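Colleague: I'm new to this one, so could you take me through a single part slowly? I'd like to hear how the helices pack, and then what they pack against.

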Amino acid sequence: MQDLPYHQGERLKLVKEIERKGINDPQVLQAINKVPRHLFFGNSLAPHAYVDKAFPIAAGQTISQPFTVAFQTQLLDVKPGMKVLEIGTGSGYQAAVLMEMGALVYTIERIKELFLQTKHRLEQLGYRPKYQGYGDGYKGLPMYAPFDRIIVTAAAPYIPEALVEQLKPGGKLVIPVGQNDQVMKLIEKDENGNVKETDHGIFRFVPLLKNKE
Ligand code: SAH
């Protein structure tokens with residue numbers, strides 16, 4: 001488990017590619033340039049880690065496409081020290097990108113196998129989320145609410161009310177909503193608690209599921 005100059009070179013090419021595709025936030029590009037994506041696979045597909053594609057990980061789930069991770073992260077508008085809740089820990093890659101940006105990360109995963117595997121992985125790589133839990137993301141994380149930012153990394157059939165409730169005034173929620181294809185929604189809560197929703201293109205995610213396993 002190493003990050004070699006070869007990997008760093010491949011990663012820089014990936015960063016240039018997603019920059020060409022429209023990501024322009026230097027903090028986001030820098031974070032993508034830092035996280036060793038090949039160490040988040042846990043399977044034989046690791047040599048493809050710096051191809052801008054989603055790949056299967058354990059338990060029938062996926063590690064999101066780097067462009068999608070960068071897009072969601074840019075839309076989320078994260079500043080150092082912010083409390084960020086992620087729904088769908090998966091491989092831990094998105095969580096690592098958020099931590100590289102200085103976010104205090106709280107993350108939830110509903111598949112126990114993935115939760116355990118990723119807990120171990122993040123520890124080994126020296127990434128320390130504030131909280132990493134096994135549970136149902138539809139409910140958010142009331143114990144640690146409110147959050148500055150919430151990011152959902154699986155396709156939601158609708159916007160869970162609990163997540164909107166758990167946003168601070170001035171908070172933002174980024175969530176892909178839809179069945180086959182999803183619209184990337186940005187929900188912004190103003191200082192008076194009023195909520196505004198905007199659409200930011202079409203993406204494709206694995207579904208946000210209700211029951212555990
Ligand atoms: N952020 C991840 C992407 C993983 S794919 C990464 O960077 O690798 C989406 C993840 O959401 C899957 O691991 C899936 O098991 C998880 N998920 C699906 N429904 C969920 C729910 N209700 N609560 C929490 N996690 C959920």
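Modeller: Let's start with the crossing of α1 and α2: α1 passes α2 right-handed. Keep in mind that this is a predicted model. Helix α1 covers residues 5–20 and helix α2 residues 26–34, and they pack at an angle of about 150 degrees with their axes 9 Å apart. That angle makes α1 roughly antiparallel to α2. On the α1 side, the residues that meet α2 are Arg-11, Leu-12, Leu-14, Val-15, Ile-18 and Glu-19, and on the α2 side you'll find Leu-29, Ile-32, Asn-33 and Lys-34. Sort the residues of this contact by type and you get six nonpolar, one polar and three charged.

Now compare that with another helix pair, α3 and α4. Here the axes come within 11 Å and cross at roughly 45 degrees; α3 and α4 are therefore oblique to each other. This crossing, with α3 passing α4, is right-handed. From α3 come Val-69, Gln-72, Thr-73 and Leu-76, while α4 brings Tyr-93, Gln-94, Val-97 and Leu-98 to the contact. The split for α3 with α4 is five nonpolar, three polar and no charged.

So what do the helices pack against? There's an open sheet of seven strands, ordered β5-β4-β3-β6-β7-β8-β9, with mixed pairing. The edges are β5 (131–134) and β9 (195–203); each has a single partner strand, so one side of each has no neighbour in the sheet. From one strand to the next, the twist averages 15 degrees. Inside the sheet, β3 (residues 83–87) and β4 (residues 104–109) run parallel and are joined by five bridges. One to look for is Lys-83, whose bridge partner in β4 is Leu-104. Helix α3 (residues 66–76) turns up again here: it packs on the sheet, touching β3, β6, β7, β8 and β9, and its direction makes about 155 degrees with that of β7.

Another helix, α5 (residues 112–125), lies across β4 and β5 and runs at about 160 degrees to β5. While you're looking there, find the rings of Phe-115 and Tyr-134. Their centres are 6.0 Å apart and their planes are at 25 degrees, so the pair is stacked. Phe-115 sits in helix α5 and Tyr-134 in strand β5, 19 residues apart, so to speak a link between distant parts of the chain.

Note on methods: Residues numbered from 1 in each chain as written. Predicted model: local features only at pLDDT ≥ 70, side-chain atom pairs only at ≥ 80, totals over all residues. Heavy atoms only, no water. Axes fitted to C-alpha atoms, helices over the stretch in contact; angles between N-to-C directions. Helix = DSSP H or I, 4+ residues; strand = E, 2+ residues; numbered from the N terminus. Parallel < 35°, antiparallel > 145°, perpendicular 65-115°, else oblique. Left-handed = near helix turned anticlockwise from the far one by under 90°. Contact = heavy atoms within 4.5 Å. Nonpolar A, V, L, I, M, F, W, Y, C, P; charged D, E, K, R; others polar. Pairing = 2+ DSSP bridges. Phe/Tyr/Trp six-rings, centres within 6.5 Å; stacked < 30°, edge-to-face > 60°.
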